[in-house]
Amino acid sequence: MNSSIPTVYESLQAAYGPQGWWPISGKYFPGDYSRPRDDAEAFEVCVGALLAQNTAWKNAEKAVASLASVNALNPQKITVLEQGVLAQLIRSSGYYNQKALRLKLFSDFVVCEGGLEKLFALPLPELRAKLLALNGVGEETADSIILYAAKKPSFVVDAYTKRIAFRLGLLPEDASYAQTKELFEASLPSDYAAYNECHALLVEHAKRHCTKKAPRCSDCPLQRNCNYTKTRLATKP
Ligand code: SF4
C-alpha cells in the first residue's frame, strides 16, 4: 500500500471539494454518487467518453447536447442514423467522421449485448476486455466508461494523472498506463466513489496548478510533498 497517494487524495479533496463527475445534461452532482441513475444517463456518459477523445471537454459536451436535441442519445437511434448525419451532429467534437463510425460501432455493440444494464452486469475484467476489443476504445475510454457509466472501480489514467504522479515523485516520467493504474488502485480503497473523485480531482489540479508549462507551485496544495519543487529549488543557481 503506497502511503503518498491517500495523502495526495486527501489534500486535493480539502482544496477543491467533491467534483460531481460525470456531468449529465451539462450538470455536475457534487457528493451525489447515485448518477448515472438509468441506462439513458449511462449511455450519455459513454457517448461523452467516446467524443472527448483528443478534444477539450467543452467541444464533446456541445456534441452530446446536439445529439440530445434530436433525441439521438440512445443506442437504437444511433444504429439507424445515417453516418453522415451523425457526423454533422457531432461536428464540434473534432475527428467527427471517425467518431461517428466509432459511435455507431459502440451502439451496435450495446444493442447486440442486450443493453447497458446487461452489459454492465458482467464482471469487471470481462467488461473491460469486451470494451477494449472495440475499434476506437483504448484504455482511458474503456476505464472512463467502466468507472463513470457502469460505476465499477476501474481507475482512469490520463496525461494529467501521469504528469502529477511524475512531478510528485511517485512514478517515472515514462510510466505506462498499466503501471500508473496499478499504483493508484493499490493505494486507494477499491471503491467507485474514491476512484471517481480522485481522477476528477487530479484533472482539476492539473488545470488549476499543475499545468504542463509553468506550473503554479507557489500556492499548490501538494507543494510540501512535491519532488518537482524540491528539485527546482535545489538546482536554482
Ligand atoms: S508543487 Fe508544482 S509541480 Fe508539484 S504538484 Fe504542485 S503544481 Fe505540480
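A polar contact is a pair of N or O atoms within 3.5 Å, of which, within protein, one must be able to donate a hydrogen and the other to accept it. The legends below refer to a predicted model.

**Figure 1. Polar contacts and the salt bridge between domain 1 and domain 2.** Across this interface, 4 residue pairs are in polar contact, both residues of each pair being at pLDDT 80 or more. The side of domain 1 that touches domain 2 draws two or more residues from each of α11 (177–187) and α12 (192–208). Helix α12 makes the largest contribution to that side, with 5 residues. Sorted by class, the side of domain 1 that touches domain 2 comprises 6 nonpolar, 2 polar and 2 charged residues. The count of salt bridges between the two domains is 1. In the salt bridge formed by D143 and K181, the closest N and O atoms are 3.5 Å apart.

**Figure 2. Division into domains and the area buried between them.** Domain 1 consists of residues 4–19 + 156–235, and domain 2 of residues 39–149. A distance of 28 Å separates the C-alpha centres of the two domains. Contacts link 10 residues of domain 1 with 7 residues of domain 2. Together the domains bury about 780 Å², of which 63% is on carbon and sulfur atoms. Of the area that domain 1 buries against domain 2, 56% is supplied by V156, Y177 and Y192, more than by any other three residues.

**Figure 3. The aromatic pair of W21 and Y148.** The whole structure contains 9 aromatic pairs. For W21 and Y148, the ring centres are 5.6 Å apart and the planes stand at 50°, so the pair is classed as tilted. Because W21 belongs to the loop between α1 (4–16) and α2 (39–51), whereas Y148 belongs to helix α9 (residues 139–149), the pair ties together parts that are 127 residues apart in sequence.

**Figure 4. Cis peptide bonds in the loop between α1 and α2****.** The peptide bond leading from W21 to W22 is cis, and its omega is near 0°. Residue W22 is located in the loop between α1 and α2. A cis peptide bond also leads from R35 to P36, with omega near -10°. The loop between α1 and α2 likewise holds P36.

**Figure 5. Backbone of Y95.** Residue Y95 has a phi near 45°, which is a positive value in a residue other than glycine. Y95 is placed in the loop between α5 (83–89) and α6 (96–112).

Technical notes. Residues are numbered from 1 along each chain as its sequence is written. This is a predicted model: local features need pLDDT of at least 70, side-chain atom pairs count only at pLDDT 80 or more; totals for chains, interfaces and linings use all residues. Side-chain values use heavy atoms; hydrogens and water are left out. Domain bounds come from an automatic or database domain assignment. Contact means heavy atoms within 4.5 Å. Buried area is the accessible area (1.4 Å probe) that two parts lose on being put together, summed over both. A salt bridge is a side-chain nitrogen of Lys or Arg within 4 Å of a carboxyl oxygen of Asp or Glu. A polar contact is a pair of N or O atoms within 3.5 Å; within protein, one must be able to donate a hydrogen and the other to accept it, and residues adjacent in sequence count only if both atoms are side-chain atoms. Helices (H or I, at least four residues) and strands (E, at least two) are DSSP runs, numbered from the N terminus. Ala, Val, Leu, Ile, Met, Phe, Trp, Tyr, Cys and Pro count as nonpolar, Asp, Glu, Lys and Arg as charged, and the others, Gly among them, as polar. Rings of Phe, Tyr and Trp (its six-membered ring) pair if their centres lie within 6.5 Å; planes under 30 degrees apart count as stacked, over 60 as edge-to-face and the rest as tilted.
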